[in-house]
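Here is a walk through one protein model, with an eye on its side chains. Take a look at the sequence and the fold before reading on.

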Amino acid sequence: VVLTLSPIPLQATFRPMSCIVASEATKSALRVAIDAVVQQGLTWYFPSYEIVRHVYGLDSYEPDRRHIRPAYVERLMELFERSFMVPG
């Protein structure tokens with residue numbers, strides 16, 4: 001089992017805060033939960049969130065800042081394939 005965290009931010013929230021703040025809080029909570037599961041040795045983690053946010057940066061997003069540009073999705077999938085797929 002491979003887990004990942006989507007780099008797509010929330011579009012809305014029912015919480016009394018900015019959607020940007022709610023999105024980061026949610027991503028952080030999910031990342032901590034994923035880490036706890038991975039630490040048990042039952043799963044692997046593919047860092048799509050971290051790659052998009054901290055390696056590719058804002059240029060990887062479409063102008064709406066919600067969707068990832070196709071070229072970056074392709075790069076992510078290539079990295080995933082190299083990391084987790086068996087050749088042939």
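A quick word on rings first: those of Phe, Tyr and Trp (its six-membered ring) pair if their centres lie within 6.5 Å, and a pair counts as stacked with planes under 30 degrees apart, edge-to-face over 60, and tilted for the rest. Keep in mind that this is a predicted model.

## The overall picture

The protein has 3 helices and 2 strands, and from the N terminus on they run β-α-β-α-α. Helix H1 covers residues 19–39, while H2 spans residues 48–56 and H3 spans residues 70–84. The C-alpha atoms fill a box of roughly 50 × 35 × 20 Å along the principal axes.

Of the 88 residues, 24% count as buried. As for contacts with a separation of 6 or more, 52% of them come from residues 24 or more positions apart.

## Aromatic pairs

How many aromatic pairs does a search of the whole structure find? There are 4. Take Tyr 56 and Tyr 72: their ring centres are 5.0 Å apart and their planes meet at 55 degrees, so this pair is tilted. Because Tyr 56 sits in helix H2 and Tyr 72 in helix H3, the pair ties together parts that are 16 residues apart in sequence. Tyr 56 and Tyr 72 are both buried. Apart from neighbours within four places in sequence, Tyr 72 is in contact with Tyr 56, Asp 59 and Ser 60.

Phe 80 and Phe 84 make another tilted pair, at 5.1 Å centre to centre and with 40 degrees between the planes. These two phenylalanines are 4 residues apart in helix H3, so about one helical turn separates them. Phe 80 is partly exposed at 23% relative accessibility, and Phe 84 is partly exposed at 27%. Add Phe 46 to Phe 80 and Phe 84, and you have one aromatic cluster.

## The nonpolar core

Which residues make up the largest nonpolar core? It has 8 residues in all: Phe 46, Ile 51, Val 52, Tyr 56, Tyr 61, Ile 68, Tyr 72 and Leu 76. The elements giving two or more residues to this core are H2 and H3, and H2 provides the largest share, with 3 residues.

Phe 46 turns up both in this core and in the aromatic cluster with Phe 80 and Phe 84. The tilted pair of Tyr 56 and Tyr 72 also belongs to the core.

## Charges: bridges and rings

The structure holds 2 salt bridges. One joins Glu 24 and Arg 53, with the closest N and O atoms 3.3 Å apart. Since Glu 24 lies in helix H1 and Arg 53 in helix H2, this bridge ties together parts that are 29 residues apart in sequence. Glu 24 is partly exposed at 31% relative accessibility, and Arg 53 is partly exposed at 33%. Arg 31 and Glu 50 form a salt bridge too, with 2.7 Å between the closest N and O atoms. Here again the link runs from helix H1 (Arg 31) to helix H2 (Glu 50), across 19 residues. Arg 31 is partly exposed at 24%, as is Glu 50 at 21%.

Arg 31 has a ring partner as well: its charged end sits over the ring of Tyr 45, 3.9 Å from the centre. Arg 75 lies over the face of Tyr 56, at 5.8 Å from the ring centre.

## Two residues worth a second look

Is Lys 27 buried or exposed? Lys 27, in helix H1, is buried, yet it has no salt bridge. The nearest side chain of opposite charge is Glu 24, 7.7 Å away; a salt bridge needs its nitrogen and oxygen within 4 Å, so that pair doesn't qualify. Leaving aside neighbours within four places in sequence, Lys 27 is in contact with Leu 5, Ser 6, Pro 7, Ile 8, Pro 9 and Tyr 49.

Then there's Arg 65, in the loop between H2 and H3. Most residues other than glycine have a negative phi. Arg 65 isn't a glycine, but its phi is positive, at about 60 degrees. At 41% relative accessibility, Arg 65 counts as partly exposed.

Note on methods
Residues numbered from 1 in each chain as written. Predicted model: local features only at pLDDT ≥ 70, side-chain atom pairs only at ≥ 80, totals over all residues. Heavy atoms only, no water. Buried < 20%, exposed > 50% of the residue type's maximum accessible area, 1.4 Å probe, protein only. Lys NZ or Arg CZ within 6 Å of the ring centre and 35° of its normal. Lys, Arg positive; Asp, Glu negative; His and termini not counted. Contact = heavy atoms within 4.5 Å. Core = buried A, V, L, I, M, F, W, Y, C linked by side-chain atoms within 4.5 Å.
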